[in-house]
Amino acid sequence: MTTVVGPAVAAPAIADERDDSTSSSLATSPVYEQQTTPETNNTTDTLHENPDEVDDEDELDRLLSYLSGRMNTQIGTSTLRLSQGEYGAAKAALGNDYSDSLGKYVDVEGETDADGGSDQYESVQKTQREYVETVQEFRETRQEYREAKQAGDDTRARELARELTQLADEGDEQSNRLASAFGTISNRTGSDLSQSSTRIESVQANISEQRDEIAAAEFVDTTLTVRSATQNISFTDPLVLSGTLETENGTPVGPSTVSFEIGEQTIQTATEPNGSFTVSYRPTRIPANTSRLTVQYRPRNDSLYRTTSQTLPVSVTQVDATTQVSVPTDSAFGYADTVSVDGVVRVDGTPVENTSLLASLDGADLATARTNESGRVAFEGSVPASTSVGDVTLRVAPEHTDQAVRVTPASETVQITSEQTVVDATARVDDETIVVEGTLSTDEGDSVATQPLTVRVGGTTVETTTGVSGAYRTTVERPNEANTTNTTVTVAFDGQGTNLESSSTTASIQQSGADGSNENTSPDGLPFATMDLLWVIAGTGLVGFVTAVLLRRRNTETVGDERDAEQSTTSDDEAAVEQASSPVSMAALSSATDALSAGAPNDAVTIAYTAARTAVGATVDVEDSATHWEFYHHCADAGGVDAAALERLTVGYEKAAYSGRSVDAAEAETLVDIAAELAEASSDTRGSVHSENTNAAR
């Protein structure tokens, strides 16, 4: 029986909100929860205003209160789903819809004098999603532990018990941060997040109890005694420690090789038969103002012993390290060229290892790297468009200056040359607008991302920006004149302020055919080219629309005369699905593979997702207009689909289409494979259902 925790209250919509999350499915769930929020005057107009258009202070306060209540409800839904073991739903409750509300909340908060805790709401989103993952991993690992114990594999059981201890410790930290954030939000907004706090406390108490039980069954407690000759330490005057390591009943841990975590380092040393040892620690990355240093015994994962620690008072003296860097002096670099930098960091000839350094070019970040055991570091980065032409400074500096070792920056001069660019463009009529699209690249073929372009159609000018793959797409209102045949489209890139040269191109507008179809139908028979498909998906997210358009593709083979009498019982809609969805999916998957080969991972993922959704959607009853997360949850609830694979593909699609970040090429290849497997499985399902229906008709 499902317990209803609170009334299912539908919150009013906000005008410019994008519904691309799971909020709709969650809101209709019987476990949807409305937490206590500050009272608002319900007799006034509903809160539909865009934050940018609201002027009245009282309206701003009401809008802030509404957004706060909306996020509180999503937090409550997430904690409830977590307590019920529904990890995917618990994370999804704090997904895109929560982000949209948070973005509006930040905007409104900036227009008022209130400190409504937007930073805490942001912290809750990040921390609670991480905590859900920790809890899920803990419970899955606990099941593995039980299986190892049942199989009599004590070594594996101890390894898993060690992982469980670490996961529970992470959960302690995360749940404490959540409790603190909940308290701050409640104090600043007058909200009541006590239910969410209680659920998190209950979940963590259960995890901690299980950790303690398993640790007591698997490990032997140890005692560490450590002594130091002096409290004053530095990189040039290391800390020398001596001590003993014993079990709780006084049995020496030795002779053995053991590991100690001291400050930021893990150091191995040998213990004598009586458990005694000596170890030397050279401070590098700990804060220069450190006054107490923890020495922790870190047993191997399969060890019988439990970790233990001791804290010592210290006084750290900061020392300076010198940096030497070298770059190719006989080469000039242009946009997207790879610049390699080598360096070495030392203190009086002693190498400084594991220190993080940042290389910058003309003030723009190039790459980060850490020194190795020899104090050496190697950077590799691409020249950004913002780098000036001529001799510019390449600088290597520490990421932190408050550590025990302060690294002195070093610099060299690098020559940057300008690169010629190429703009290509196509234009076509689409109802009452002109669609203009194309790419911006260098003459060497490198894509030019995030650069502004000016598009002119007749007397109309619009601005657009290239995407991560150098592609752009924009629409311009169709000129008043009935015939656009003589209208010229111009696309121009102004390279001022970059190391890229200006360029422009012109294009004629492709007209619709006599039958109403567009003349730029793609060669493979799709109603528009792959670039059109990509921009419709990535630019608008209307995957349902794309799917509907794809389904209009018709099989060119004549099938009527070859169809058996039994097949004539199939409805027109079923026939359309049988004939159209599979070839469309396969064609799109082929396009996704081509995008991978062309070095466009984001394009590949968005196209592959659409292919999989087209195929999977033919086996389930779900609206074409459903968002990607609504589609996932509907399919997962309906069954008959690999929910874990669809979830991973959905996450990848969301990143590729909406985040503005690039998907890793290897991950993109994996996601395309997942999409192909989902499409193939759905095709098998359709075939099975079709066969059953045919047999039933007989």
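Which residue lies over the face of phenylalanine 219? The first legend below has the reply, and please keep in mind throughout that this is a predicted model.

**Figure 1. Two arginines lie over phenylalanine rings.** Arginine 162 is the residue placed over the face of phenylalanine 219, at 4.2 Å from the ring centre. A second view shows arginine 282 over the face of phenylalanine 235, here at 5.0 Å from the centre of the ring.

**Figure 2. Tyrosine 105 and tyrosine 121 form an aromatic pair.** Five aromatic pairs are found in the structure, and this close-up shows one of them. The two ring centres lie 5.3 Å apart, and the ring planes meet at 75 degrees. Because planes over 60 degrees apart count as edge-to-face, the pair of tyrosine 105 and tyrosine 121 is edge-to-face. Follow the backbone away from each ring and you will see that the pair links distant parts of the chain: tyrosine 105 belongs to helix H4 (residues 96–110) and tyrosine 121 to helix H5 (residues 118–150), 16 residues apart. Are these tyrosines buried or exposed? Tyrosine 105 has a relative accessibility of 1% and tyrosine 121 a relative accessible area of 0%. The cut-off for buried is under 20%, so tyrosine 105 counts as buried, and tyrosine 121 is buried too.

**Figure 3. Three aromatic residues gather in one cluster.** Look here for Phe260, Phe277 and Tyr297, which together make up a single aromatic cluster.

**Figure 4. Helices H5 and H6 cross each other.** For a pair of packed helices, the description rests on the angle between the axes and the distance between them. The axes of H5 and helix H6 (residues 154–189) come within 8 Å, with a crossing angle of roughly 155 degrees. Angles over 145 degrees count as roughly antiparallel, so that is how H5 and H6 run relative to each other. The crossing in which H5 passes H6 is left-handed.

**Figure 5. Four strands make an open sheet.** Reading across the sheet, the order is S5-S4-S7-S8, and the pairing is antiparallel. Which strands sit at the edges? They are strand S5 (265–271) and strand S8 (308–313), each of which pairs on one side only. On average, neighbouring strands of this sheet are turned by 25 degrees against each other, with direction ignored.

**Figure 6. Strands S7 and S8 are joined by bridges.** Strand S7 (residues 292–297) runs antiparallel to S8, and six bridges connect the two. One of the partners to look for is arginine 292, whose bridge partner in S8 is proline 313.

Notes
Residues are numbered from 1 along each chain as its sequence is written. This is a predicted model: local features need pLDDT of at least 70, side-chain atom pairs count only at pLDDT 80 or more; totals for chains, interfaces and linings use all residues. Side-chain values use heavy atoms; hydrogens and water are left out. Rings of Phe, Tyr and Trp (its six-membered ring) pair if their centres lie within 6.5 Å; planes under 30 degrees apart count as stacked, over 60 as edge-to-face and the rest as tilted. Buried means under 20% relative accessible area, exposed over 50%, partly exposed in between (1.4 Å probe, protein chains only). A charge sits over a ring if NZ of Lys or CZ of Arg is within 6 Å of the ring centre and within 35 degrees of the ring normal. Two strands pair if DSSP finds at least two bridges between them. Axes are lines fitted to C-alpha atoms, for helices over the stretch in contact, and angles run from 0 to 180 degrees between N-to-C directions. Angles under 35 degrees count as roughly parallel, over 145 as roughly antiparallel, 65 to 115 as roughly perpendicular and the rest as oblique. A crossing is left-handed if the near helix is turned anticlockwise from the far one by less than a right angle, and right-handed if clockwise.
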